[in-house]
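Visitor: Please pick one part of this protein and take me through it slowly, from a single element out to what surrounds it. I would like one connected account rather than a list.

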Amino acid sequence: MRSISGAAKLAGVIGWPVSHSRSPRLHNFWLEKHKIDGAYVPLPVHPDHLGDVLKALPRMGFLGVNLTLPHKEAALRLVDQVDPTAMRIGAVNTIIFTSQGKSIGSCTDGLGFLENLRQYADGFSSAKGPAVVLGAGGAAAAIAFALQEDGCPEIRIANRTPEKTLALVQRLGGQAKAIAWEDRAQALAGSALLVNTTSLGMNGQPVLNIALDHLPRSALVTDIVYAPLETALLADARSRGNKTVDGLGMLLHQARPGFAAWFGLAPDVSLELRNHVLADG
Ligand code: ATR
């Protein structure tokens with residue numbers, strides 16, 4: 001058991017509920033590995049209290065926090081400063097408290113998504129061709145903006161609720177195209193990347209139904225769902241010869257900028273970390 005001193009650096013994750021979050025496991029693995037005098041704790045905070053808590057934490061010595069459901073959008077309005085990427089996405093998942101007590105919000109989900117593909121898909125480039133993004137929620141926004149900023153020539157968004165598809169497509173502008181949910185299989189023609197950002201395929205959720213016949217064999221397929229690690233979509237894609245990357249690495253990579261800012265060291269995403277985060281208890 002690792003022990004910490006009275007001068008330990010402090011950070012944590014705010015959620016409601018927060019008990020499902022894997023972030024404490026992840027950050028404490030890095031703290032232990034690098035023998036850093038610090039702690040990363042789960043902070044269950046009701047939405048009504050988020051503003052008060054964000055004011056109190058820097059006064060208690062916290063260097064920053066991550067935010068998970070349902071706080072990512074609300075936090076955007078509660079921090080003193082929002083970086084341009086988080087502003088475009090409309091969500092904050094990482095906050096740094098400055099020594100003057102100011103809070104600076106950023107969103108590292110899109111970066112985590114790209115870094116995961118860069119680590120696990122050799123030769124990945126957003127510029128290779130059109131991307132098909134299934135879903136139009138918070139994760140879809142982070143991923144679509146990241147792909148756009150990284151040079152993706154066309155982003156096809158397909159979501160069950162068409163109003164949300166259109167809203168995201170309008171926010172993205174130029175390269176984005178709205179696809180009817182019923183047309184998602186046809187939209188795969190000529191694409192270089194397929195991403196599932198919906199909750200379909202997650203343990204306990206309905207499966208994602210999508211025929212891959214139109215998907216070029218050269219296309220990369222990835223899923224933000226990581227429980228199970230190999231979703232039916234990834235298994236299906238792999239069995240027909242497409243390269244696949246699972247969603248766990250996105251969770252691990254989105255955590256790196258916060259850790260680096262709070263604890264002063266850029267940590268690695270290793271196989272050991274993946275196994276540790278996946279293991280129970
Ligand atoms: P997140 O922030 O993780 O993206 P979210 O905003 O709740 O979470 O988005 C969940 C996504 O999964 C949405 O795109 C949602 O589609 P709707 O916008 O139509 O709700 C999608 N989703 C969830 N259940 C679905 C289902 N049964 N069929 C199709 N899409 C589904």
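**Strand 11 and its surroundings**

Guide: Let's start with strand 11, where Leu220 and Thr222 point one way while Val221 and Asp223 point the other, and all of them are buried. Please keep in mind that this is a predicted model.

Strand 11 has a partner on each side, so to speak, in the pairing order given further on. With strand 10 it runs parallel, and 4 bridges join the two; here Val221 of strand 11 stands opposite Leu194. With strand 12 the pairing is also parallel, over 3 bridges, and Leu220 has Lys243 of strand 12 opposite it.

Now let's widen the view. These strands belong to an open sheet of 6 strands with parallel pairing, in the order 9-8-7-10-11-12. Strand 9 (176-180) and strand 12 are its edge strands, each pairing on one side only. On average, neighbouring strands of the sheet are turned by 20° against each other, direction ignored.

If you follow the order from strand 11 past strand 10, you come to strand 7. Strand 7 (residues 131-134) and strand 10 run parallel and are joined by 4 bridges, with Val133 standing opposite Val195 in strand 10. Helix 6 (residues 138-149) packs on the sheet as well, touching strand 7, strand 8 (155-159) and strand 10. The direction of helix 6 makes about 170° with that of strand 8.

Back at strand 11, the helix to look at is helix 8. Helix 8 lies across strand 10, strand 11 and strand 12, and runs at about 165° to strand 11. Which residues of helix 8 are buried? In helix 8 (residues 232-239), they are Leu233, Leu234 and Ala237. Because they cover an arc of only 95° around the axis, these residues sit on the same side of helix 8. What they pack against is strand 10 (193-196), strand 11 (220-223) and strand 12 (243-245). The face turned away from that buried side carries the exposed residues Ala232 and Ser239. After helix 8 comes Gly241, whose phi is positive, near 100°.

One last step outward takes us to the domains. The domain assignment gives domain 1 as 9-108 + 255-278 and domain 2 as 110-247. The centres of domain 1 and domain 2, taken over C-alpha atoms, are separated by 26 Å. Between them, 11 residues of domain 1 are in contact with 16 residues of domain 2. Together the two domains bury about 1100 Å², 46% of it on carbon and sulfur atoms. Of the area that domain 1 buries against domain 2, Arg88, Ile89 and Arg274 supply 51%, more than any other three residues.

Arg274 also has a place in helix 11 (residues 271-278), where Leu273, Arg274 and Val277 are buried. Seen down the axis, the buried residues of helix 11 fall within an arc of 100°, so they line one face of the helix. Leu271 and Glu272 are exposed on the other side of helix 11. Helix 1 (23-33), helix 5 (109-120) and helix 9 (248-254) are among the elements that cover the buried residues of helix 11.

Conventions:
Residues numbered from 1 in each chain as written. Predicted model: local features only at pLDDT ≥ 70, side-chain atom pairs only at ≥ 80, totals over all residues. Heavy atoms only, no water. Buried < 20%, exposed > 50% of the residue type's maximum accessible area, 1.4 Å probe, protein only. Arc of directions from axis to C-beta. Contact = heavy atoms within 4.5 Å. Pairing = 2+ DSSP bridges. Axes fitted to C-alpha atoms, helices over the stretch in contact; angles between N-to-C directions. Domains from an automatic or database assignment. Buried area = accessible area lost by both parts, 1.4 Å probe.
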